[in-house]
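Ready for a few exercises in reading a fold? Keep the sequence and the coordinates open side by side, and try each task before reading its solution.

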Amino acid sequence: MNVIETGFPGLLIIEPRVFDDSRGYFFESYQEDRYREAGISASFIQDNESKSGKGVVRGLHYQLNEFAQAKLVRVIEGAVLDVAVDLRAGSPTFGKWFGVELSADNKKQLFIPRGFAHGFSVLSETAIFTYKCDNFYNKEAERSIHPFDRNLNIDWKVNEKLAIVSEKDLEAPLFVEAQMNFSF
């Protein structure tokens, strides 16, 4: 596999080695030893999956420490713009966002360490999105940041006026008002 640094400490793009032939393809979507060799030491304990339609924006979500989650995300159908926002006080990329297109075609993955808010927008007609977490969901620790916060200025690659966003995400605070307890 190929590991690509993003310029955000700990945030990594993973390009798996894909074996294509006349029958289709095969790749290891996760192999613990290889990921550890790449510097990813998270012990994943939960897998999640969602299906969404074109124009859906999900996020920006995170859980406060001690319930924070590292995630390994990928798309198994369709395409999304995957976004991570650094919430780690003292980080050189604090308050900045990184985005990458993940798709069933490119098979890229994004490793998101603890201390990032995460979200995605659906670029295809539908997308099935799956991710591994290294900590369980905790409702009391769950927080969000408004996905269209002008100070973050995220280009979701979808028209904001046509975006399909949950009420909960639309009511989320702006970055400067969001509760965070992460340090670099």
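The exercises below concern a predicted model, and each one comes with a worked solution.

**Exercise 1. Lay out the five-stranded sheet.**

Task: Find the strand order of the open sheet of 5 strands, and name its edge strands.

Solution. Start with the order, which reads β10-β8-β12-β6-β14, with antiparallel pairing. Next, look at the ends: β10 (97-103) and β14 are the edge strands, and each pairs on one side only. Neighbouring strands of this sheet are turned by 25 degrees against each other on average, direction ignored.

Now go through some of the pairings. β8 and β12 are antiparallel partners joined over 7 bridges. Strand β6 (residues 57-63) also pairs with β12 in the antiparallel sense, over 4 bridges. Finally, β6 and β14 run antiparallel and are joined by 3 bridges; here H61 has S144 in β14 as its bridge partner.

**Exercise 2. Follow one residue of β12 to both sides.**

Task: Which residues are paired with G119 of β12?

Solution. Take β6 to begin with: G59 has G119 as its bridge partner in β12. Then turn to β8, where V83 stands opposite G119. This fits the sheet order, in which β12 sits between β8 and β6.

**Exercise 3. Judge the surroundings of β12.**

Task: Is strand β12 enclosed or open to the outside, and what do its two faces show?

Solution. First recall the general rule: in a regular strand the side chains alternate between the two faces of the sheet. Apply this to β12 by splitting its residues into two sets. On one side are F116, H118, F120 and V122, and on the other are A117, G119 and S121. Both sets are buried, and so both faces are covered. In total, 7 of the 7 residues of β12 (residues 116-122) are buried, so the strand is largely enclosed by the rest of the structure.

**Exercise 4. Describe the setting of D86.**

Task: Where does D86 lie, is it buried or exposed, and what does it touch?

Solution. Locate the residue: D86 belongs to strand β8 (residues 79-86). Check its accessibility next. The relative accessible area of D86 is 0%, so it counts as buried, for which the cut-off is under 20%.

Then list the contacts. Not counting residues up to four places away in sequence, D86 touches F8, S91, T93, F94, G95, K96, G115, F116 and F175. One of these, F116, is 30 residues from D86 in sequence, yet their C-alpha atoms are 4.7 Å apart in space. Last, look at the side chain of D86: it makes a polar contact with the side chain of R88 at 2.9 Å.

**Exercise 5. Do the same for a loop residue.**

Task: Where is H146, and which residues is it in contact with?

Solution. H146 is found in the loop between β14 (142-144) and α2 (167-170). This loop residue is buried, with a relative accessible area of 15%. Leaving aside neighbours within four places in sequence, H146 has contacts with L60, D169, L170, A172, P173 and L174.

**Exercise 6. Turn to the six-stranded sheet.**

Task: What is the strand order of the open sheet of 6 strands, and which strands are at its edges?

Solution. The order is β1-β2-β11-β7-β13-β5, with antiparallel pairing. β1 (2-5) and β5 (46-53) are the edge strands, each pairing on one side only. From one strand to the next, the twist averages 25 degrees. To finish, inspect β1: it pairs with β2 (residues 12-15) in the antiparallel sense over 4 bridges, and V3 has I14 in β2 as its bridge partner.

Note on methods. Residues numbered from 1 in each chain as written. Predicted model: local features only at pLDDT ≥ 70, side-chain atom pairs only at ≥ 80, totals over all residues. Heavy atoms only, no water. Buried < 20%, exposed > 50% of the residue type's maximum accessible area, 1.4 Å probe, protein only. Contact = heavy atoms within 4.5 Å. Polar contact = N/O pair within 3.5 Å; in protein donor to acceptor, adjacent residues only side chain to side chain. Pairing = 2+ DSSP bridges. Axes fitted to C-alpha atoms, helices over the stretch in contact; angles between N-to-C directions.
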